[in-house]
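Reader: I'm new to reading structures, and I'd love a close look at how one pair of helices packs together. Could you walk me through it and then show me what surrounds it?

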Amino acid sequence: MASVELTNVRKVYAGGVEAVKGVDIDIKDGALCVLVGPSGCGKSTLLRMIAGLESITDGTVKIDDKVVNDLGPAERDIAMVFQNYALYPHMKVYDNMAYGLRNRGMPKDQIDKRVREAAATLELAHLLERRPRELSGGQRQRVAMGRAIVRNPKVFLFDEPLSNLDAKLRGQMRVEIKNLQRQLGVTSVYVTHDQLEAMTLADILVVMNAGAVEQIGAPLDIYEKPASTFVASFIGAPPMNLIPVTAGESGLILRDGTRIGAEGLAVSDKDAVIGFRPEDLEVATGTESHIGGLLLDLKVLGVEPVGAESYVYGIIGGERVVVRVAGRSVSQPDDHLRVIIPGEKLHLFGGNGKRI
Amino acid sequence: MASSTRVTFPNKVLPYLLLAPQLAITIVFFYWPASQAIRQSVLREDPFGLSTQFVGLGNFKRILSDPNYLNSLQVTVIFSIATAVIAMGFALLFAVMADKVIRGKGVYRTLMIWPYAVAPAIAGMLWLFLFNPSMGTFAYMIRSAGYNWDPLLNSNQAMLLVVAAAAWKQISYNFLFFVAGLQSIPKSLIEAAAIDGAGETKRFWTIIFPLLAPTTFFLLVVNTVYAFFDTFGIIHAVTGGGPGKATETLVYKVYNDGFVNLILGDSAAQSVILMVIVIGLTAIQFRYVERKVHYG
């Protein structure tokens with residue numbers, strides 16, 4: 001039970017590369033915080049700094065209101081689940097889980113009780129005598145989790161724990177991790193590059209890019225109000241459609257020179273980007289009002305039916321976009337559709353990529 | 001597991017042609033002398049080399065009851081164990097240290113590997129010059145420190161000297177394998193152990209050392225073979241098997257009996273015994289070292 005507080009945390013490597021550029025994150029007791037971003041954005045480095053595996057160049061990391069900058073990983077009372085699980089290959093599952101407790105000098109009977117409890121929670125009881133190489137990927141993942149929960153630490157750290165599993169198992173484990181975390185109520189930091197994992201797991205979502213935090217918030221808030229074009233294109237699948245525009249005298253000018261009337265849209269920046277989610281387009285039948293919204297021409301490039309819905313790929317104003325349509329789409333390549341983006345579903349970003 | 005892609009030659013003769021040089025060398029320098037040794041080991045030659053007679057296992061019986069041979073066996077065991085333990089112990093220590101170095105890693109490693117390139121006889125001379133009681137620099141220093149250093153007369157000191165020289169030369173080889181072994185241990189395992197509250201020493205003995213076991217075992221066999229057979233040059237240069245017979249290993253005795261004293265039958269019988277030992281060691285190596293260890 002503990003909060004985790006990062007204040008202006010920076011990491012500069014010996015070569016001068018700044019991997020983490022002043023990050024502030026406040027994680028409440030019991031919350032699951034997900035750090036998400038593309039590879040190389042510094043999310044794993046940040047996690048390792050919380051773990052104590054990486055030195056902190058600047059700023060403070062507090063766990064349970066105590067600055068832990070100068071403490072070793074063992075003294076921070078954290079547990080970490082690694083991407084490759086990092087199970088000790090020469091030890092049985094039981095010993096893998098008991099190792100941390102033995103190192104802390106816990107009495108034998110108590111260790112046994114803890115290990116068996118954790119094993120029962122994770123349905124590992126029948127595997128305790130096996131070695132890691134005799135386990136499947138999903139089972140190894142569970143053992144790694146078991147090794148973390150058996151210690152009953154203040155904070156769980158997850159470093160892309162599901163990325164080595166196949167898609168089906170990943171979905172299953174995602175739910176289990178969430179439930180387990182809720183049930184144990186242990187503050188957790190979870191690193192992933194998978195936006196779906198991030199959206200579904202997070203209490204607080206931290207979107208990172210190039211060593212800096214782009215946005216922090218509840219997953220759905222971020223989905224609905226992305227702070228920048230980066231967040232807009234990173235969160236959501238398929239990602240948000242982004243169309244660069246220039247503000248003209250009487251409306252907006254698209255890349256290909258198309259002028260569109262935009263009553264009620266106040267665009268002060270000369271260069272701007274309009275964004276809309278694939279599901280927020282409506283196909284115009286001719287009678288709807290599009291006051292406050294945009295009426296656009298979409299040229300269909302192709303259609304991908306995926307069952308319950310279809311993705312229509314097309315071009316608006318010279319930019320590729322994707323539209324999500326319920327059921328099947330009757331559109332054919334080279335069709336032209338009149339589409340409306342309702343004003344309230346429209347996202348506007350300035351020339352610097354920040355939300356207006 | 002290695003992939004089992006088989007290369008097939010369209011030409012039936014070519015593969016044998018390509019193998020021929022290697023086969024020829026193996027036959028001329030290994031199989032032929034080995035067969036000669038086996039033949040010789042059951043024969044006895046008269047002092048003038050004019051006649052030979054078949055004596056069956058007589059040569060073996062005689063050498064196995066010869067106190068000199070048993071002494072040589074004991075010397076070999078002590079010498080091998082000491083050499084292997086010292087060479088591996090230091091190599092492991094250096095490998096662990098070198099693994100921690102961040103700056104100039106390559107330089108350290110290169111320097112560590114150099115002694116391996118020194119020929120055994122040269123290495124022996126080097127140590128002899130340094131520790132020779134009458135002219136050695138180190139010998140002078142040891143004497144100045146008040147210690148009576150004379151490996152030419154003191155058999156324990158002679159043993160110490162050949163062990164040191166033999167181990168020194170082998171450290172490089174072991175170092176290479178230990179460095180490779182350490183590198184193959186995933187870093188996350190060490191980190192996980194650190195988070196699990198194991199200090200550096202504890203991590204070494206509970207995680208790193210067990211995971212190095214295959215490497216260690218492989219090196220143990222290789223080092224034993226080395227100490228048995230490849231240290232001839234060092235012993236020959238440093239002590240010549242003396243003082244007395246204090247550093248006369250089995251291989252040295254084979255040479256001494258066969259080529260110096262010209263007792264061919266005895267010498268051949270001894271080399272057959274050595275052959276059996278090396279076959280045994282190789283079998284152990286293949287049987288156990290080939291067992292794979294899986295990480296992760």
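**A crossing of two helices in chain B**

Author: Happily! The crossing of helix 5 of chain B and helix 7 of chain B is right-handed. Please keep in mind that this is a predicted model. Helix 5 of chain B covers residues 120-131 and helix 7 of chain B covers residues 155-183; their axes lie 10 Å apart and make an angle of about 130°. Angles over 145 degrees would count as roughly antiparallel, and 65 to 115 as roughly perpendicular. Helix 5 of chain B and helix 7 of chain B are therefore oblique to each other.

Now look at the residues where they meet. Helix 5 of chain B brings B:Pro120, B:Ala123, B:Gly124, B:Trp127 and B:Phe131. Facing them from helix 7 of chain B are B:Leu161, B:Ala164, B:Ala165 and B:Lys169. Sorted by class, this contact has 7 nonpolar, 1 polar and 1 charged residues.

Helix 7 of chain B has another partner to look at: helix 3 of chain B, residues 67-100. Here the axes come within 6 Å and cross at roughly 40°. That angle makes helix 3 of chain B oblique to helix 7 of chain B. The crossing of helix 3 of chain B and helix 7 of chain B is right-handed, too. The contact between these two helices has 22 nonpolar, 3 polar and 1 charged residues.

Next, follow chain B to where it touches chain A. There, 18 residues of chain B are in contact with 19 residues of chain A. Helix 8 (187-195) and helix 9 (200-211) of chain B each supply at least two residues of chain B's side. Helix 8 of chain B gives the largest share of that side, with 6 residues. By class, the side of chain B that touches chain A has 11 nonpolar, 4 polar and 3 charged residues.

Across that contact, chain A is assigned two domains, domain 1 (4-228) and domain 2 (241-350). Their C-alpha centres lie 40 Å apart. Chain A also has an open sheet of 6 strands, with the order 6-7-8-3-9-10 and mixed pairing. Strand 6 (78-81) and strand 10 (212-217) of chain A each have a single partner strand, so they stand at the edges with one side lacking a neighbour in the sheet. On average, neighbouring strands of this sheet are turned by 15° against each other, direction ignored. For one pairing to trace yourself, try strand 7 (residues 155-159) and strand 8 (residues 187-192) of chain A, which run parallel and are joined by 5 bridges. A:Val155 has A:Thr187 in strand 8 of chain A as its bridge partner.

Definitions and conventions:
Residues are numbered from 1 along each chain as its sequence is written. Chains are lettered from A and ligands numbered from 1 in the order in which they are written. This is a predicted model: local features need pLDDT of at least 70, side-chain atom pairs count only at pLDDT 80 or more; totals for chains, interfaces and linings use all residues. Domain bounds come from an automatic or database domain assignment. Two residues are in contact if their C-beta atoms, placed from the backbone, lie within 7 Å. Helices (H or I, at least four residues) and strands (E, at least two) are DSSP runs, numbered from the N terminus. Ala, Val, Leu, Ile, Met, Phe, Trp, Tyr, Cys and Pro count as nonpolar, Asp, Glu, Lys and Arg as charged, and the others, Gly among them, as polar. Axes are lines fitted to C-alpha atoms, for helices over the stretch in contact, and angles run from 0 to 180 degrees between N-to-C directions. Angles under 35 degrees count as roughly parallel, over 145 as roughly antiparallel, 65 to 115 as roughly perpendicular and the rest as oblique. A crossing is left-handed if the near helix is turned anticlockwise from the far one by less than a right angle, and right-handed if clockwise. Two strands pair if DSSP finds at least two bridges between them.
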